[in-house]
Amino acid sequence: MPKIGVLALQGDFREHLASLERLGQPAQMVRTVEDLAQVDALVLPGGESSVIDRLSRNYGLADPIKERIAEGMPVYGSCAGMIMLADRIENPAIARDGAVQQSFGGIDMTVKRNAFGRQVDSFEHQLDFNGHTLEAVFIRAPEAVQLGPDVEVISTVQAGPNDGQGRIVAVRQGKLLATSFHPEVTGSTAIHQFFINLTRGDA
């Protein structure tokens, strides 16, 4: 059974670990390059994407993660993790020293940070994910605003009257999966099960 790591630099990594463990999936925290070498797949949790970016570079993890993604390691990113998996960020954070936020990349998409508003604008919305009806929690959530031809749209949401066909909130490209919402805080394990199946080649 593949071992799944959860990047544990910042954010709600404990909730992701708990979701995986409820499914009987071996999982561990990843904080070092040595930790990363011990896992077959990785979860990038929600949190502050700019902080995860900075800490991953400070801890020497950014380049090894990029290399593993390029080698085909399965990765799931929720919320901030979705931003970290995007090849392009429409509105990257800019630090006081002028440094521009980076991502690990891997999914041929452009994302917009805080696309649904600030913390006070957080909301829940029912949506379909691969045949499962889920109550999704959006907290300062990103949105995929442009996709490459190899990216599959899994879920959209119509959160407002002007959302037309829906805003893209879950995508997949090969072994990479990303959602703009937080399944780990709802008690639903459908998306974690989908990712486990993906790591085993069953999705």
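This report walks through a predicted model of a single protein chain, from its overall build to a few residues worth a look.

**The chain as a whole**

Let's start with the fold. The protein chain has six helices along with 12 strands. Its radius of gyration comes out at 16 Å, close to the 17 Å that the globule rule gives for 203 residues, so the chain is as compact as a globular protein of that length. If you box up the C-alpha atoms along the principal axes, you need roughly 50 × 45 × 35 Å. Of the 203 residues, 51% are buried. Take the contacts with a separation of 6 or more: 63% of them link residues 24 or more positions apart. On the outside, the chain exposes about 9100 Å², and carbon and sulfur atoms supply 44% of that area.

**The nonpolar cores**

Now for the inside. The largest nonpolar core has 32 residues, and Leu7, Leu42 and Met109 touch the most other members. Several elements each supply at least two residues of this core, among them strand S3 (41-44), helix H3, helix H4 (62-71) and strand S6 (107-112). Helix H5 gives the largest share, five residues. To get a feel for how leucine 7 sits, look at its contacts beyond four places in sequence: they include Phe13, Val30, Leu42, Ile52, Ile65 and Phe104. There is also a second, separate core of 30 residues, which includes Ile4, Phe123, Val169 and Leu177.

**The annotated binding site**

An unreviewed UniProt entry places a "binding site" feature at Gly47, Glu48, Ser49, Arg113, Ile139 and Arg140. These positions are spread over 94 residues of sequence, yet they cluster in space, with a largest C-alpha distance of 12.7 Å.

Two of these residues make a nice pair to look at. Serine 49 lies in helix H3 (residues 49-58), while arginine 140 is found in the loop between strand S8 (132-138) and strand S9 (143-147). With 5% relative accessibility, serine 49 counts as buried, because the cut-off is under 20%. Arginine 140, at 27% relative accessibility, counts as partly exposed. Setting aside neighbours within four places in sequence, serine 49 is in contact with Ala80, Ile83, Met84, Gln101 and Arg113. Arg113 is itself on the UniProt list for the feature. Arginine 140, for its part, has a side-chain polar contact with glutamate 48, and Glu48 is on that list too.

**Aspartate 53, further along helix H3**

Aspartate 53 also lies in helix H3. It is an acidic residue that counts as buried, at 3% relative accessibility. So what does its side chain pair up with? The side chain of arginine 57 makes a polar contact with it at 2.8 Å. In addition, a polar atom of the aspartate 53 side chain lies 3.0 Å from the backbone nitrogen of glutamine 102. Leaving out neighbours within four places in sequence, aspartate 53 is in contact with Met84, Gln101 and Gln102. Met84 and Gln101 turn up among the contacts of serine 49 as well.

Here are the polar distances mentioned above, side by side:

| Partner one | Partner two | Distance |
|---|---|---|
| Arginine 140 side chain | Glutamate 48 side chain | 2.6 Å |
| Aspartate 53 side chain | Arginine 57 side chain | 2.8 Å |
| Aspartate 53 side chain | Glutamine 102 backbone nitrogen | 3.0 Å |

Notes
Residues numbered from 1 in each chain as written. Predicted model: local features only at pLDDT ≥ 70, side-chain atom pairs only at ≥ 80, totals over all residues. Heavy atoms only, no water. UniProt positions renumbered as here; feature names shortened; annotations may be inferred. Helix = DSSP H or I, 4+ residues; strand = E, 2+ residues; numbered from the N terminus. Buried < 20%, exposed > 50% of the residue type's maximum accessible area, 1.4 Å probe, protein only. Contact = heavy atoms within 4.5 Å. Polar contact = N/O pair within 3.5 Å; in protein donor to acceptor, adjacent residues only side chain to side chain. Rg over C-alpha atoms; globule rule 2.2 N^0.38 Å. Areas by Shrake-Rupley, 256 points an atom, 1.4 Å probe, with all protein chains shown as cover. Core = buried A, V, L, I, M, F, W, Y, C linked by side-chain atoms within 4.5 Å.
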